[in-house]
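Here's a quick tour for anyone opening this structure for the first time. Let's look at how some of its strands line up, then stop at one residue.

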Amino acid sequence: MKYLYILKILLLLINYIKCTTLPSFYNVLGPFPIGEREEIYDTLESYGGIFNIPIGDNTTYPSELGHNSVVGWSTYNWSIPGAFQMEWSSSINWSFYDMPFGWEIYLWYAYVIGDFTATEPSSNYIINCTDIRTFYIQSQSNPSKIYEFSGDFFAYGNGQQIIYLNQGEQYRIYLKMLSSTRVYGTAFSQFTCNLIPIKETISIVETESLVPDIVSGILASKYASITLLNSGEMDLTNGVTIALVQNSTSDQLFEIKSILNTSYTNILVGQRFSIPFEISIKDFSNQLGCPLNLEIQVSITDGNSGSTNNFYTSVAFNCTEFTNAFLYTFLDFDQTVQYAMLLSPINQCGLNEGLCNVMVATHGFLGVTRDPSWFAQFQRQDNLWTVMPTGRTNCGYDWASSSRLNVFYSVQSLVSSLPGVPNSQKQLYKTDSSKILFIGHSMGGMGCWNLLVRQGDLALGGACASGFPKLSMYISYETSPGFSYIDQTLKALLMISIEENNVDIISSNLVGLKLMARYGENDTVVNPYHSRRIVRIVAEQSQDENAVIVSEVPNENHYFPGILTDSYMQSYYNSLTSIPPIPKTITISTLNPSGTGPRANILILQLSIPFRLAKIKLTQVYDSNGDLIWYLDTQNVKRFAITQEPVRAEFPTTLIIDNKQQFSNQYFYPQYHFENNPQQQRSNQKNWTINPDNSTWIQNEKNPSTYGPIRQIFESSIKIVYGTASQNNQTIAQAKQAAIYINNFWNNYGRGSVTIFSDQQYIEQLSNQDTSCSENVILIGNSNENLITSKYIIRSDVSFNQDNSFNIGGEDGYLFQGDGVGIAFLMPNRCGGNLILVIAGTDSLGLDNALHSIPQRSGDITGPDFIVTGPDFRGKGYGGILSAGYWDNYYKLSDSNFYISEITN
């Protein structure tokens, strides 16, 4: 027996030795400073780049975080292969830096490098690195063969990617380790990587499987999804079908129906792709109970042999009662399935004159909506549904952009389907989505302010706890090394791309709303200074020192029990029963009509100069006959409209615009809008007309659906089309890989999912089903390389030349040529209601640089309407930008919103 035991141990050791294991011994170089959301800067590019400098030698490199202004290599032997932690506290006195700079000084990056050997038979591997932003794997036998991957930076569990490793070959992994002040609050950082050989063609990302809760025996909602990873060696181009496993319990109870047209679905090697579907009960007399799983069969057809391969997954339902918080699913703006938590009202308020209303609760950074630590704190309200959206992910987009849209799609889904309510009782819970109480904490507190400032006409009121007015104030951008290389003009153009998400600059929209700011007196995470600033600026603009109720709780920190739910807050919520009236005087403001709804029934549709602050000052006056007149003074407004909702107790009979033009108030949106057509372009003498055409201008000019900047491409359903017109196979392969790269970071950060086509496939798809007017499209490759770019380039102010150089502003405009130059730019689609993003380069490096300029998260500032990157973009970051700016209203180059640099090194 003793020898048998030893033999078993030896066999285990042999099997372990055969396993491909990531390194535990590392060479580490750093730390180097980095700015908030500044992920493209790398000082080592100035010395040849990380792939070309000696590894582990005695060379040192300049860094603000090093003694004598330099840092060098150090070695570490970690106990767990593929994992590492670092804080640098043994060599850096962080408190010394903290005093003058604040916690943005904790932002650093370093390279962690190790070697490993593929010991198992040659095959694909799934690699997944959490808490890491970017990493690379290099073949040691062919050092020019380097694969780049996006890590699962916030550890969502959906960062799986594919790499093919040859047995016996040595590889080197380079991990660009970034700290995250918002995650840890210190200079600490860590990562964990896993490498697993995979033989299956399809792998199911089980952390992303999503089904609705079972609520008092019925399905809360009808949508569900699973996420697949193509872990094989061939693209899946013959469609994917899903079904319930035959004769399973699921098959007896349910029916499912795919939402996608799977005949047009491609899943490329290494691509993660979500399959949305509808689920329904076969017999409504059945009361569902737990434990219960949804057992799913995924089938793919081999394009060569015609054989079918099946894969299986099982997703567990959660059962709860209607009186508890429950999870419901819905189709979001991009046709992916997302979820929110929901708490039903106590009363059957659908029978009331005002129907049921809605409370929206936005979570903090890293908050998991389905975690009881968040949803269990809320109490049922008398006449309010409590909706707890995700913002797409735990960190979301700081409740801007895609996160903001997610909020309102979750509310609309509640109103249209009334999740968890039996069909026979839906009349009892009818809901009015135009009356919302906004609340939130921390990042969600900032989200609360952001939703209020953009959608004030929907607001019963707001209670924003421990929030902040803008990301760049919460964590300063000023320590960004790339800013050292640019002037204030370019810096301003870049910062404008995120400025629309700042609460303070459009805070005039908060005047007249019922508001509360709540925070702990001793908050060390979001200092009370932030909330106090919002209180001050709203009070100033209201000319009322009590415009915002302040609840500063003594001796409390960032979070404390009852911060949103104690008796004081409940009393406040109970007082909010109606939309407040329009103030006598209010200024409606916006930087971008794409994300701002009406305020005081005034909707700004278009700016005279895009991305400059637009305002309409409303003053309400009664004439001698007792009729209400609105005096409207405008700034930088090209088009605006009057909305009939919300219904007001009093509405004006007459509008007087800019003190000289008078209109009767009978022209309402969307049938009519007001347009400024000055006789001289360079004049502040305005000429307002009533425009009954709400379609022609949308086809040809910037409108809320196409206003930009680049991040707006991720605010609709998307297709990615890579070019195959080039005769260069390497160019085609790079474009295809770029498409997968975009899909995967959108999937990771935003739970998005994109169908990828070649240009030839997309042309074929459009011939069968023309969707080109109803979706955003990302085109990889210029007009010489991509047939779709060539087809639609006429809609832009960019033209490509035969040598892949390009002009902006016409043939006689600005020429960009030479090695390593890239461009990313927006243009409208042929119908004007959606956007096209083109990503191209003069060569491989140029395309790669342009690709890495695309904003992946909120706060990324490299995404105006267009950006031109130079060959040293990776090294200098913002300093490597050749040009950037915003198109005018006709998508032409605007001299007032444009920057060019001809020397970046």
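## Two sheets and an aspartate

In this predicted model, 6 strands make up an open sheet, ordered E4-E1-E6-E11-E8-E9, with antiparallel pairing. Its edges are strand E4 (73–77) and strand E9 (146–150), each of which pairs on one side only. On average, neighbouring strands of this sheet are turned by 25 degrees against each other, direction ignored.

Take a look at the E4 end. Strand E1 (residues 25–33) pairs with E4 over 5 bridges, in the antiparallel sense. There, Leu29 sits opposite Trp73 in E4.

Another open sheet has 5 strands in the order E31-E33-E34-E36-E37, and here the pairing is mixed. Strand E31 (585–590) and strand E37 (661–664) are the edge strands, each pairing on one side only. The average turn between neighbouring strands in this sheet is 20 degrees, direction ignored. Inside it, strand E34 (residues 628–635) and strand E36 (residues 654–657) run parallel, and Trp630 has Leu655 in E36 as its bridge partner.

Here are the two strand pairs side by side:

| Strand pair | Sense | Bridges |
|---|---|---|
| E1 and E4 | antiparallel | 5 bridges |
| E34 and E36 | parallel | 4 bridges |

Now for the single residue. Asp213 lies in the loop between strand E13 (202–204) and strand E14 (214–215). What is the nearest side chain of opposite charge to Asp213? That's Arg370, 7.4 Å away; Asp213 is buried yet has no salt bridge. Its side chain does reach the backbone nitrogen of Leu327, at 3.0 Å. Beyond its neighbours within four places in sequence, Asp213 is in contact with residues including Ile218, Asn318, Thr320 and Phe326.

Terms used: Residues numbered from 1 in each chain as written. Predicted model: local features only at pLDDT ≥ 70, side-chain atom pairs only at ≥ 80, totals over all residues. Heavy atoms only, no water. Pairing = 2+ DSSP bridges. Axes fitted to C-alpha atoms, helices over the stretch in contact; angles between N-to-C directions. Buried < 20%, exposed > 50% of the residue type's maximum accessible area, 1.4 Å probe, protein only. Lys, Arg positive; Asp, Glu negative; His and termini not counted. Salt bridge = Lys/Arg side-chain N within 4 Å of Asp/Glu carboxyl O. Polar contact = N/O pair within 3.5 Å; in protein donor to acceptor, adjacent residues only side chain to side chain. Contact = heavy atoms within 4.5 Å.
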